[in-house]
Amino acid sequence: MTESQPSLFDDGKDRPAAGHAVPVSAGSRDSGAALVARVQLEEGSSMELDYGIPDELQGRLQLGSRVRVPLQSRQVSAVVVELLRHSPHAAKLKPIAGLQSSRPMFTRGLLELAQWMAHYYLVPLHRVLRSMLPQAVRQKPESFLKDSLLELTAAATAEQIELLEKRAPQQAALLHALQRVGGSAALSALRREMGIDVAVLKALERRGLLQRSALRLERDPFGDEHFLPSQAFELTVEQAAALKATIQAIDAPQEHRPLLLQGVTGSGKTEVYLQAIDHALKRGLNALVLVPEISLTPQTIERFKARFHEMQQQVAVLHSHLSDGERHDEWFKVQEGRARIVIGARSALFAPLDKLGIIIVDEEHEPSYKQEEAPRYHARDLAVLRGRLEQCAVLLGSATPSLESFHNAQCGKYEWLHLSRRTDGRSMPLIRIIDMRLARRKGTGMKVEHAIMISEHLRNAVAARLEKGEQSILFLNRRGFHTTLDCGDCAQPVQCHDCAIPMTWHKAVNHLVCHICGARRLPPKICPACGQQNLKYGGFGTERVEAAVREIFPKARIARVDTDTMQRKNQLRDTLRDFRAQKLDLLIGTQMIAKGLDFPNVTLVGVLNADTALNLPDFRAAERTVQLLIQVAGRAGRGEMQGEVFVQTHAPHSPAIQFSRHSDYNGFATQELEARRAFEYPPFSHMVLISARGPQQNLAEFTLQTLHKRLQEGLPQGCVMGEPCPSSLVKAHGQFRYQLLLRSASIRPLLRHLSEVMRRFGGDPQVQLSLDVDPINLSA
Ligand code: ADP
Ligand code: ZN
């Protein structure tokens with residue numbers, strides 16, 4: 001990368017070494033005089049290989065084309081990364097065997113982005129390229145076009161499944177998965193969750209536990225939907241200013257910094273997005289909108305489809321709840337140039353959209369923008385980079401920006417736009433802090449087992465809403481009924497065999513479930529650790545809250561929204577619709593209901609336990625908590641009515657709670673940034689997290705200690721390396737986990753050192769090492 005080009009690096013100089021051959025002049029998209037194609041294989045090797053371009057492909061091959069090439073006796077898939085006029089071996093080259101799609105699968109900008117990612121996240125290029133193409137796109141079409149419906153039969157009782165668990169664990173796992181989703185599911189949908197072997201399906205059919213039938217294909221994710229066109233609002237003064245700056249950035253991206261739109265919930269950020277996109281479209285440019293998976297609700301998509309009503313078909317939606325067929329179709333709609341707006345979750349950043357006018361990242365602070373498997377990229381950071389590579393505007397939006405972006409805006413790297421008021425002129429909701437240390441006190445007229453979940457104040461507030469016909473939301477980020485089953489004698493919790501966490505009891509299915517690996521079992525009668533018969537349930541999740549609320553308010557119409565209850569396709573959509581239509585009084589849910597939802601009649605939000613995020617062993621715990629609380633509070637009191645929020649906590653005086661109470665995000669951010677600066681934590685440094693995982697504890701630890709020693713030699717100046725230590729989740733999926741944290745004010749020398757040492761480091765085949773650059777989850 002030259003000096004003038006973008007970089008997350010300190011000086012913007014990094015660039016993977018260029019090839020040896022002479023590239024076709026920059027800017028030419030067709031192969032013109034090119035004779036040789038340099039390709040990157042999709043699997044197995046990170047080496048680039050040269051192939052000849054046969055006559056019939058002359059002029060048709062482009063950068064980013066996906067091709068078949070001969071390799072030894074096979075043919076494999078590869079991507080063209082360079083077109084060359086010469087190659088030292090030109091005469092001996094084998095020709096490319098075929099072109100897989102007439103249009104390239106990667107734009108030039110995306111190829112550049114891929115190179116950058118490989119270099120920055122220390123992942124081979126072929127893995128980066130592979131992760132940019134959805135599985136449904138890489139596969140042969142036939143393999144996903146056929147889909148079938150799998151259903152449990154009446155013979156598949158809990159006892160039957162239990163019996164299978166030892167003899168045929170794969171079969172049992174499949175039945176469990178079906179059970180979890182209410183007894184039936186599309187094969188394609190299940191396949192996304194777990195590997196499914198045809199032999200396993202057949203065996204279950206033979207046992208009479210499973211039934212398979214053909215499934216009608218539903219390819220347009222919104223095929224049965226109709227949207228009324230919506231009109232643009234007349235903007236508020238603040239919105240107009242934000243839009244003006246955004247339009248300037250669209251019109252002259254090279255002169256503009258990324259924009260950070262910080263607007264309180266309900267301040268009309270989305271309206272600014274819509275009008276900015278409208279401007280881009282009118283200029284013949286396209287728009288990419290990233291939304292966290294969790295807020296990619298039908299309601300969000302509706303708003304876009306309704307506004308761009310005449311061109312609904314040109315809006316492509318990409319997220320993980322699509323079937324493979326839908327995803328295939330939506331993706332090719334983009335690749336074939338039939339989409340002008342793409343809305344999607346994290347990986348939609350790689351949509352092959354050209355002529356980009358603007359990239360929008362909504363809720364830019366959301367941790368879900370970080371991919372937690374290699375390449376461990378951050379879609380928000382990459383959005384900024386893609387925007388610079390492809391010369392388009394980048395707009396990051398949030399009510400509670402990440403401290404990284406907040407800092408960038410503060411020091412002028414980003415242009416800072418503010419929406420300080422709600423569009424309806426309402427004040428922010430009143431936030432009341434409830435000290436749950438007092439919850440067990442007597443004389444409240446509530447059962448103690450209820451009062452520890454729902455304080456008397458909150459109960460009274462809900463009752464008042466029910467009386468007035470207003471709606472309430474109760475929020476708790478934990479699924480299940482009881483969160484622990486402890487032994488009264490030896491005090492050990494019943495843990496998952498494979499993970500070092502207590503199992504959660506789910507009452508509806510009467511199983512203990514591991515929330516890390518999904519393992520399930522019947523609750524034991526005696527303590528697995530000491531053999532005594534004194535097991536006691538404790539803790540509460542959404543399932544238990546629902547039961548309590550139904551008992552306290554027998555007449556209320558209640559729905560629970562979490563991944564246990566929302567398994568059926570469209571179930572979430574239907575429930576939210578019912579709630580909007582006021583067919584429900586009260587919603588109980590996990591973070592599924594915290595984001596991006598807009599219900600005018602909700603005047604009360606209760607956060608049942610604000611401490612779950614606060615207690616995480618992560619330096620971002622306070623940031624997360626404040627973001628979550630302000631986000632959740634934003635659900636209360638839209639429309640005509642003043643909202644009220646109850647936050648239940650055992651730490652009422654912690655700064656995170658106190659700043660949230662006053663909805664003072666800037667106050668929090670300013671104070672928190674001071675602390676981060678003092679400790680040289682991000683955004684004042686970059687971090688790299690190295691983890692070692694293996695089935696043997698001492699081997700995992702030893703491997704990391706050895707690596708630690710190697711890294712110490714020649715550790716660049718200014719890099720600080722911690723000691724290897726057990727991860728806070730010591731064991732998961734049967735693997736023991738150790739970690740090592742490094743940080744450095746400048747990332748470049750650290751990356752170079754790491755890649756050098758890792759290349760020479762043998763390690764142990766049983767121990768899996770992984771590297772996370774700019775990690776955002778240190779507590780896993
Ligand atoms: P945010 O994305 O910041 O949470 P929204 O864009 O969802 O806010 O806007 C909140 C509500 O205000 C929405 O119902 C939206 O339709 C409405 N709205 C947005 N802009 C205006 C405006 N200029 N005048 C009136 N209502 C508006
Ligand atoms: Zn487990």
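Which residues coordinate the zinc ion (ligand 2)? In this predicted model, where local features need pLDDT of at least 70, side-chain atom pairs count only at pLDDT 80 or more and totals for chains, interfaces and linings use all residues, the job falls to Cys 496, Cys 499, Cys 514 and Cys 517, each through SG, at 2.2 to 2.4 Å. Residues are numbered from 1 along each chain as its sequence is written, chains are lettered from A and ligands numbered from 1 in the order in which they are written, and side-chain values use heavy atoms, leaving out hydrogens and water.

Donors here are N, O and S atoms within 2.8 Å of the metal (3.2 Å for Na, K and Ca), and sites may look incomplete since water is not among the atoms. The zinc site is tetrahedral, with angles of 106 to 112 degrees among its four donor atoms; that label asks for all angles between 85 and 135 degrees. Along the sequence, the donor residues follow C-x2-C-x14-C-x2-C. Cys 496 sits in the loop between β18 (484–487) and β19 (504–506), and Cys 514 in the loop between β20 (511–513) and β21 (520–521), so the pair ties together parts 18 residues apart in sequence. Helices (H or I, at least four residues) and strands (E, at least two) are DSSP runs, numbered from the N terminus. Cys 496 is buried at 7% relative accessible area, and Cys 514 is buried at 2%; buried means under 20%, exposed over 50% and partly exposed in between (1.4 Å probe, protein chains only).

Elsewhere, helix α17 (residues 542–552) has buried residues including Val 545, Ala 548 and Val 549.

Methods:
Four donors count as tetrahedral if all angles lie between 85 and 135 degrees; four count as square planar and six as octahedral if opposite donors are over 155 degrees apart and all others between 65 and 115; anything else is irregular.
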